[in-house]
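Okay, thanks for coming, everyone. I'll walk you through one structure today, so have a look at it while I talk.

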Amino acid sequence: MSIDFSQLDFSIVMDHVEIVLTLAWVLLSYIVRRYTKRAIRLHQKIEHDKKRQRINTVDNIFNLFLVVGLVLIWSSELQSIAISIAAFMVALVIATKEFIACIIGAFYRASTRPYQVGDWIRIANYEGEVTDSDWLSTTLFEVDLKGGTYSYTGRTTVVPNSVLLLQTVQNLNYMRRYVTHTFSIARATDDVNLFTIKEQILEKIRGYSEHFHDVAIRYNSLIEKRLDIKISGPEPRVRITTTVEGFNIFTISLFCPTEEAVEIEQKVTEDFMAFWYASRDARLDAARADQ
């Protein structure tokens, strides 16, 4: 009985040609390797150690051929898988770019060491004392630097390390002990000539600063040497300016211990008000006497 091969359906084989070729290649490799190793073992003129070396070499060669053949058979599929993996990696990088930026920021911080735990710093619009720093973020205890009280506000700010790559970092650690404290007092322009009380206010400030004056001079010199710049202080200064709204601005700047800045500010403000009202009352009394 004759077989009509034209009636056979080879579509299944063609649809899974890689599997068929893989099975054929593995089977062929196994058969050839087995008979080659057998021929080496049966060879009488080869020493035992030589046989072992040659059998090991045959195994390695056939393993290499097997892998190369499988790669060639599945090359198109492997290419598709590689493209899929590349697309997945790109999507993964896009999805985790902030996380990656934080890690890079941590390496930047570790290499440059712009601050450490306990320092007062300013990063972008965030400022405070560094309480913790890890691979992803820096935690700050907020300090009222803008308000001029230099006290903890009770708020905690967590700054991602990615900000370090985009914003400047200012180390304000020298302000923890001494600070150039500046504050202003505004009064009406027509009542008192502020220049008449300027020297009196400076004398009061010198009196309040007497107990730390020598330490302030040494600390001011230390900061200048460390930063290699000239900073204001330690002598107090007073500046008088005016505004378009019709006010005189009495601005005081002094280099003092951070913990005493607010206390000295209140004392100086009290003295200023006393001098100002005394001068105004004396002016009003003189005006009444002339009448």
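So, to start us off: which residues have the most contacts inside the largest nonpolar core? Before I answer, keep in mind that this is a predicted model. Right, the residues are Phe250, Ile252 and Phe272, and the core they sit in has 32 residues. Several elements feed into this core. Strand 6 (178-188), helix 6 (198-209), helix 7 (213-227), strand 7 (237-242), strand 8 (247-257) and helix 8 (261-290) each supply at least two of its residues.

Let's zoom in on Phe272. Leaving aside residues up to four places away in sequence, Phe272 touches Ile185, Arg187, Leu194, Ile197, Ile201 and Phe250. And there's a second core, separate from that one, with 8 residues, including Ile123, Leu140, Val159 and Leu164.

While we're in that part of the chain, look at Gly246. You'll find Gly246 in the loop between strand 7 and strand 8. At 30% relative accessibility, Gly246 is partly exposed. Here's what I'd like you to see: Gly246 and Thr189 are 57 residues apart in sequence, yet their C-alpha atoms are 6.0 Å apart in space. Gly246 touches Thr189, and Ala188 as well, again not counting residues up to four places away in sequence.

Now for the helices. How do helix 2 and helix 3 run relative to each other? Helix 2 is residues 17-42, helix 3 is residues 48-73, and they pack at an angle of about 170°. Anything over 145 degrees counts as roughly antiparallel, so that's what helix 2 and helix 3 are. Their axes are 10 Å apart.

And what's in that contact? On the helix 2 side you've got, among others, Leu21, Trp25, Val26, Arg33 and Lys37, and they're part of a set that meets residues of helix 3 including Ile55, Val58, Asp59, Phe62 and Leu66. Sorted by class, the contact has 12 nonpolar, 5 polar and 7 charged residues.

Let me pick up one of those charged residues, Arg33 in helix 2. Arg33 touches Val58, Asp59, Phe62 and Asn63, with residues up to four places away in sequence not counted. Side chains of opposite charge can pair when their charged atoms come close. That brings us to Asp59, which forms a salt bridge with Arg33, and the closest N and O atoms there are 4.0 Å apart. Asp59 is in helix 3 and Arg33 is in helix 2, so this pair ties together parts that are 26 residues apart in sequence.

Are the two partners buried or exposed? Both Asp59 and Arg33 are buried. For Arg33 the relative accessible area is 19%, and the cut-off for buried is under 20%. Lys37 joins in too: Arg33, Lys37 and Asp59 are linked in a network of salt bridges.

How many salt bridges are there in the whole structure? A search finds 8. I'll show you two others. Arg206 pairs with Glu199, closest N and O atoms 3.4 Å apart. Arg206 is partly exposed at 33% relative accessible area, and Glu199 is partly exposed at 44%. Then Arg280 forms a salt bridge with Asp281, where the closest N and O atoms are 3.5 Å apart. Arg280 comes in at 27%, partly exposed, and Asp281 is partly exposed too, at 34%.

That's it from me; over to you.

Conventions. Residues are numbered from 1 along each chain as its sequence is written. This is a predicted model: local features need pLDDT of at least 70, side-chain atom pairs count only at pLDDT 80 or more; totals for chains, interfaces and linings use all residues. Side-chain values use heavy atoms; hydrogens and water are left out. Axes are lines fitted to C-alpha atoms, for helices over the stretch in contact, and angles run from 0 to 180 degrees between N-to-C directions. Helices (H or I, at least four residues) and strands (E, at least two) are DSSP runs, numbered from the N terminus. Angles under 35 degrees count as roughly parallel, over 145 as roughly antiparallel, 65 to 115 as roughly perpendicular and the rest as oblique. Contact means heavy atoms within 4.5 Å. Ala, Val, Leu, Ile, Met, Phe, Trp, Tyr, Cys and Pro count as nonpolar, Asp, Glu, Lys and Arg as charged, and the others, Gly among them, as polar. A nonpolar core is a set of buried Ala, Val, Leu, Ile, Met, Phe, Trp, Tyr and Cys residues joined through side-chain atoms within 4.5 Å. Buried means under 20% relative accessible area, exposed over 50%, partly exposed in between (1.4 Å probe, protein chains only). A salt bridge is a side-chain nitrogen of Lys or Arg within 4 Å of a carboxyl oxygen of Asp or Glu.
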